[in-house]
Amino acid sequence: MFQTLADSLKDAKGSLTAIKCDVSKDDEILSMFGEIKKQFGGVDVCINNAGLSHNAPLLSGTTDDWRHMFEVNIYVTRFLL
């Protein structure tokens, strides 16, 4: 999807680089930042807009759901430190 968007904007001002990354998988996060470093020299600003929630109260939600939400919403920031 994003690669199609990047291709459609190739003649526009600026640039868009599509890099696939499942932010719940360490190897994909490391690969993404490696690709960014290779192409651009590093990251100056990172806006993580990935996020999810589960429709369950804290006390009755499953541990797996809460762990998954934590991994997607928070865990990825450790790679920036």
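## Three helices, question by question

User: In which helix is Thr4 found?
Analyst: This is a predicted model, and its protein has three helices to choose from, with zero strands. Thr4 is found in helix α1.

User: Is Thr4 buried or exposed?
Analyst: The cut-off for exposed is over 50% relative accessible area. Thr4 comes in at 56%, so it counts as exposed.

User: How far apart are the C-alpha atoms of Thr4 and Ala18?
Analyst: Along the chain, Thr4 and Ala18 are 14 residues apart. In space, their C-alpha atoms are separated by 8.9 Å.

User: What pattern does the protein follow, read along the sequence?
Analyst: The protein has zero strands, and its helix count is three. Read in sequence order, that gives α-α-α.

User: Where is confidence highest in the protein?
Analyst: Across the protein, the mean pLDDT is 80, and 86% of the residues reach 70 or more. Confidence is lowest in α1, with a mean of 78. At a mean of 90, the highest confidence belongs to α2.

User: Where is the place of Leu9?
Analyst: Helix α1 covers residues 2–8, while α2 covers 26–40. Leu9 falls in the loop between α1 and α2.

User: Which residues form a nonpolar patch on the surface?
Analyst: To join a patch, a residue needs over 30% relative accessible area and no salt bridge. Leu9 is partly exposed at 39%, so it clears that area cut-off. The patch has about 230 Å² of accessible area in total, and its members are Leu5, Leu9 and Leu16.

User: With which residue does Lys25 meet in a salt bridge?
Analyst: Lys25 is partly exposed, at 39% relative accessible area. Its partner is also partly exposed, at 27%. The N to O distance is 3.8 Å, and the cut-off for a salt bridge is 4 Å, so the pair counts. The partner is Asp22.

User: What reaches the backbone nitrogen of Asp22 at 2.6 Å?
Analyst: Apart from its salt bridge with Lys25, Asp22 has a contact through its backbone nitrogen. The group that gets there, at 2.6 Å, is the side chain of Glu28.

User: Is Glu28 buried or exposed?
Analyst: Glu28 is found in helix α2. Not counting residues up to four places away in sequence, it touches Lys20, Cys21 and Asp22. The cut-off for buried is under 20% relative accessible area. Glu28 has 19%, so it is buried.

User: How far apart are the closest N and O atoms of Lys38 and Glu35?
Analyst: Both residues sit in helix α2, three residues apart, or about one turn of the helix. Lys38 is exposed at 66% relative accessibility, whereas Glu35 is partly exposed at 25%. They form a salt bridge, and the closest N and O atoms are apart by 3.5 Å.

User: Why are Arg67 and Asp64 separated by about one helical turn?
Analyst: Their side chains meet in a salt bridge, at 3.5 Å from N to O. Both belong to helix α3, which runs over residues 63–73. The turn of separation arises because, within that helix, they are three residues apart.

User: Which of the two, Arg67 or Asp64, counts as exposed?
Analyst: Arg67 has 44% relative accessibility, so it counts as partly exposed. At 57%, the residue that counts as exposed is Asp64.

User: How many salt bridges does a search of the whole structure find?
Analyst: Among them are Lys25 with Asp22, Lys38 with Glu35 and Arg67 with Asp64. The search of the whole structure finds a total of four.

User: How far apart in space are Ser53 and Phe70, C-alpha to C-alpha?
Analyst: Ser53 lies in the loop between α2 and α3, and it is exposed, with 59% relative accessible area. In sequence, Phe70 is 17 residues away from Ser53. From C-alpha to C-alpha, the distance is 9.2 Å.

User: What share of the residues in the protein is buried?
Analyst: The protein exposes about 6600 Å², with carbon and sulfur atoms supplying 56% of that area. As for contacts with a separation of 6 or more, 33% join residues 24 or more positions apart. Of the 81 residues, the buried share is 15%.

Note on methods: Residues are numbered from 1 along each chain as its sequence is written. Side-chain values use heavy atoms; hydrogens and water are left out. Patches are made of residues with over 30% relative accessible area and no salt bridge: like charges are joined within 9 Å, nonpolar side chains (Val, Leu, Ile, Met, Phe, Trp, Tyr) within 5 Å. Accessible areas come from the Shrake-Rupley method with a 1.4 Å probe; for residues, only the protein chains shown count as cover. Helices (H or I, at least four residues) and strands (E, at least two) are DSSP runs, numbered from the N terminus. Buried means under 20% relative accessible area, exposed over 50%, partly exposed in between (1.4 Å probe, protein chains only). Contact means heavy atoms within 4.5 Å. pLDDT is the predictor's confidence in each residue, from 0 to 100. A polar contact is a pair of N or O atoms within 3.5 Å; within protein, one must be able to donate a hydrogen and the other to accept it, and residues adjacent in sequence count only if both atoms are side-chain atoms.
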